[in-house]
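Dear colleague,

Please find below the structure I am handing over to you. I would be grateful if you would read the notes that follow alongside it.

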Amino acid sequence: MKTIEGTETATLRRYRRACDYLAVAMIYLRDNTLLREPLRPEHLKPRPLGHWGTCPGLTLVYSGLNRLVRRTGQRTLLVTGPGHGAPAIHANLWLEGTHAEYDPALSLDGSGLAELVGRFSWPGGFPSHLSPEVPGVIHEGGELGYALATAFGAALDDPGLLVACVVGDGEAETGPTAASWHCEKFLDRVGGGNVLPILHLNGYKIASPTVYGTMSDDELVAYFTGCGWSPRIVDVTKAADADACLADALDAAHGDLAGDRPPMLVLRSAKGAGAPESDPEGTPLAGTFHAHQVPLSAARDDPDHLALLENWLRSYHPEELFGDDGVPAGDLLSVPPEGELRLGKVPQANGGLLRRDLPLPALEKFRVGLDRPGGAAASPTETAATWLAELMRATEDRRDFRVVCPDELESNKLGPLLTATARAFTREVPGYAEQLGADGRVMEVLSEHLCQGWLQGYLLTGRHGLFPCYEAFVSIVDGMVNQYAKFLKMSGEVAWRAPVASLNYLLTSEGWRQEHNGYSHQGPGFLNNMLTKKASVARVYLPADANTLLVTLEHCLASTDRINVVVAGKQATGVWLDLPEAREHFRAGAGVWHWASTDDGRDPDVVLACAGTVPTTETLAAAELLAESAPGLRVRVVNVVDLLSLAPAERHPHGLADPEFEACFGTDVPVVFAFHGYPSAVHEVLHGRPAPDRFHVHGYLEEGTTTTPFDLLASNRMTRHDLARAAVSHAGGDPATGEELLRRRDELLAHAFAHGEDAPEITGWRWS
Ligand SMILES: Cc1ncc(C[n+]2csc(CCOP(=O)(O)OP(=O)(O)O)c2C)c(N)n1
């Protein structure tokens with residue numbers, strides 16, 4: 001099937017020549033950007049930076065997609081895995097006029113061209129990789145592996161959208177990409193859009209061949225067919241006309257979108273095509289990994305390199321592509337589509353523009369009623385799930401809210417969500433299964449990477465979501481969230497990027513109650529990683545009970561441009577605050593629980609502070625122990641729901657003002673702090689507060705095994721007895737009281753070791 005005429009491919013070839021010229025120029029040139037003079041060393045950037053190797057292939061794809069969009073009117077978002085190929089994308093954005101729309105300095109003439117070329121990889125200019133400053137971008141592609149999952153997230157619930165996704169063959173070696181080929185089994189192509197993966201098989205990564213590059217066409221077809229795709233090999237290294245070859249494949253793939261098996265392309269191209277065959281020393285360049293980054297990087301100092309670079313640049317004949325004034329020739333401007341069909345201007349790439357506030361159901365119907373603190377017990381996550389299920393129902397028609405989860409919904413007691421929607425899955429299951437459906441909006445896959453990638457793509461295209469996860473295993477996506485935090489930080493500095501819904505984690509099955517699964521399941525370190533993030537982005541919440549969790553989730557799902565980490569228990573636990581109290585407590589971030597304190601609101605001898613479900617219970621139990629064993633001690637109980645409220649206000653926007661901080665923690669009183677995670681997290685946040693040494697933080701000390709909850713607490717020195725003993729000791733109380741507390745702890749431990757379960761004194765404890 002031939003769908004393209006010779007004149008059209010001639011234009012596409014000229015268009016690509018212009019883009020390739022611009023990309024090379026961006027990497028090397030600071031002056032003489034149209035080569036109107038012989039190339040001299042002073043025209044070169046002192047530090048040529050960029051990645052040439054992937055650029056010609058990216059431009060081939062971009063121009064092929066331009067043609068497809070023009071021909072079909074197909075709204076298309078491009079997700080570029082090899083984000084290091086930014087010069088190619090910049091060149092295309094400039095020629096389609098998107099750059100000039102966002103920044104008039106990048107006008108479609110000689111001055112805009114010089115600005116574009118000079119700004120690339122220059123201090124204060126464009127970074128070497130794709131980034132939020134670049135129009136059309138929802139994926140940076142710096143840390144490789146996540147493009148395809150992100151593309152799927154973008155396509156969900158957006159019928160009519162095509163998400164074309166370039167995946168590098170090096171990137172394809174990553175675990176997340178390997179898992180991503182199965183995403184099509186979760187994408188409802190009736191209620192959602194399509195993803196067209198384009199595996200860019202240029203054979204090499206930085207310095208060696210790729211695995212996929214060594215696979216034969218038969219192997220590739222068999223592999224991707226097995227993954228559920230209808231693959232097409234597009235080998236432009238053998239084609240007489242690369243543009244026609246790709247155009248035919250894209251047309252055919254577009255025609256197949258409605259078919260049973262989704263189409264994908266395997267694009268064989270020569271890495272760094274267009275570069276010289278070899279450098280003056282004889283090292284091969286074009287078509288090899290030596291073209292990956294900056295070939296001829298010595299051009300400023302070595303005349304032979306300079307001459308080759310000049311030849312290379314002139315091989316594109318810029319004088320035939322740009323007029324005297326630098327304005328691109330008219331035929332080049334006819335290649336990209338217009339308006340919002342341009343790949344850089346498709347509204348989904350600035351998803352905040354499309355975001356609508358969620359219709360959050362009122363919490364009152366879902367709250368746990370209580371007549372006194374601890375007067376009821378409830379599973380925080382199960383309580384939240386009934387509310388989230390209502391939110392699922394309320395978004396049934398809008399289809400802009402999803403929950404992603406690594407197969408732990410039931411296990412995290414979030415099963416009630418499945419009364420409102422099914423688990424997304426498009427395949428027939430040969431055996432037994434429950435609550436699966438193509439249009440389900442809960443997405444369960446045993447890949448934290450896919451959950452994260454899907455959610456990122458979904459949020460960045462204007463929708464909302466929640467990621468419940470086992471606390472210990474969310475660290476699998478540490479790298480991804482690092483990158484996402486950077487994306488959000490930079491997006492906030494780009495005026496035209498509209499705010500997107502926050503990325504919300506609900507971390508549960510927390511370590512303290514993983515006594516049955518054991519050591520591997522005990523690991524609260526994700527919080528420490530979050531604390532490394534910008535104050536404008538990161539939030540950490542530790543609601544102590546079901547009502548406070550409701551209030552916390554309501555806040556997070558209404559917020560924008562944040563990464564909210566919420567840690568909450570799933571076991572039934574005391575409910576300490578009614579809904580209005582929980583609201584007020586959450587608003588404050590931290591507060592004194594007067595009902596549990598014995599300091600009459602002033603001059604405590606010691607503060608018992610806590611953050612997290614289990615630490616709060618232990619702290620309240622410790623306060624009770626102290627009332628019995630050290631009745632003269634004036635104890636204040638403080639609960640912290642917003643970890644960053646502890647930070648000095650000048651360091652974090654959530655930091656309590658000094659008077660509020662002092663109202664909780666005084667200025668010189670000892671504080672025994674029971675913390676959900678590693679103690680270092682609290683110490684880090686407190687840095688800069690007055691006399692931080694008086695904070696004695698108990699938390700997870702990396703001790704654990706399969707045992708009882710009380711033993712787990714004891715091995716980390718966070719039982720109620722440890723906390724009470726620390727309070728007595730730091731407040732200068734009678735050491736005998738402390739010893740007695742530890743003796744009692746050891747008796748209870750002995751009970752656990754003798755009977756295989758904790759003593760009724762522990763399991764049956766209630767606040768009274
Ligand atoms: C997760 C990750 N590991 C390593 C790197 C370093 N790196 C940058 S580019 C690259 C090779 C990429 O090869 P490929 O995906 O085939 O892209 P292309 O050849 O088109 O440039 C590597 C390993 C990275 N960016 N991300």
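The notes below take two sheets, a helix and a single residue in turn.

This is a predicted model, in which local features need pLDDT of at least 70 and side-chain atom pairs count only at pLDDT 80 or more, whereas totals for chains, interfaces and linings use all residues. Residues are numbered from 1 along each chain as its sequence is written. Helices (H or I, at least four residues) and strands (E, at least two) are DSSP runs, numbered from the N terminus.

One open sheet has five strands in the order β1-β2-β3-β5-β4, with parallel pairing; two strands pair if DSSP finds at least two bridges between them. Because β1 (76-80) and β4 (230-235) each have a single partner strand, they stand at the edges, and one side of each is left without a neighbour in the sheet. Within this sheet, β3 (residues 194-201) pairs with β5 (residues 263-268) in the parallel sense over four bridges, and L199 stands opposite V266 in β5. Helix α8 (residues 217-226) lies across β4 and β5, at about 150° to β4. Helix α9 (residues 242-256) lies across β3, β4 and β5, at about 170° to β4. For these angles, axes are lines fitted to C-alpha atoms, for helices over the stretch in contact, and angles run from 0 to 180 degrees between N-to-C directions.

A further open sheet of five strands has the order β16-β18-β17-β19-β20, with mixed pairing. Its edges are β16 (590-592) and β20 (695-698), each with a single partner strand, so one side of each has no neighbour in the sheet. Five bridges join the parallel strands β17 (residues 606-611) and β19 (residues 671-675), with L608 opposite V672 in β19. Helix α21 (residues 679-686) lies across β19 and β20, running at about 150° to β20.

Helix α23 (residues 720-730) is largely enclosed by the rest of the structure, because nine of its eleven residues are buried, that is, have 20 or more other C-beta atoms, placed from the backbone, within 10 Å of their own. What covers these buried residues includes β17, β19, β20 and α24 (735-755). Just after α23, G732 takes a positive phi of about 75°.

Finally, L308 lies in helix α10 (residues 303-314) and is buried, with 21 other C-beta atoms within 10 Å. Not counting residues up to four places away in sequence, L308 touches P276, D279, P280 and L296, contact meaning C-beta atoms, placed from the backbone, within 7 Å. The C-alpha atoms of L308 and P276 are separated by 7.2 Å, although these residues are 32 apart along the chain.

Yours sincerely

Notes. A residue is buried if 20 or more other C-beta atoms lie within 10 Å of its own, exposed if 12 or fewer, and partly exposed in between; C-beta atoms are placed from the backbone. Two residues are in contact if their C-beta atoms, placed from the backbone, lie within 7 Å.
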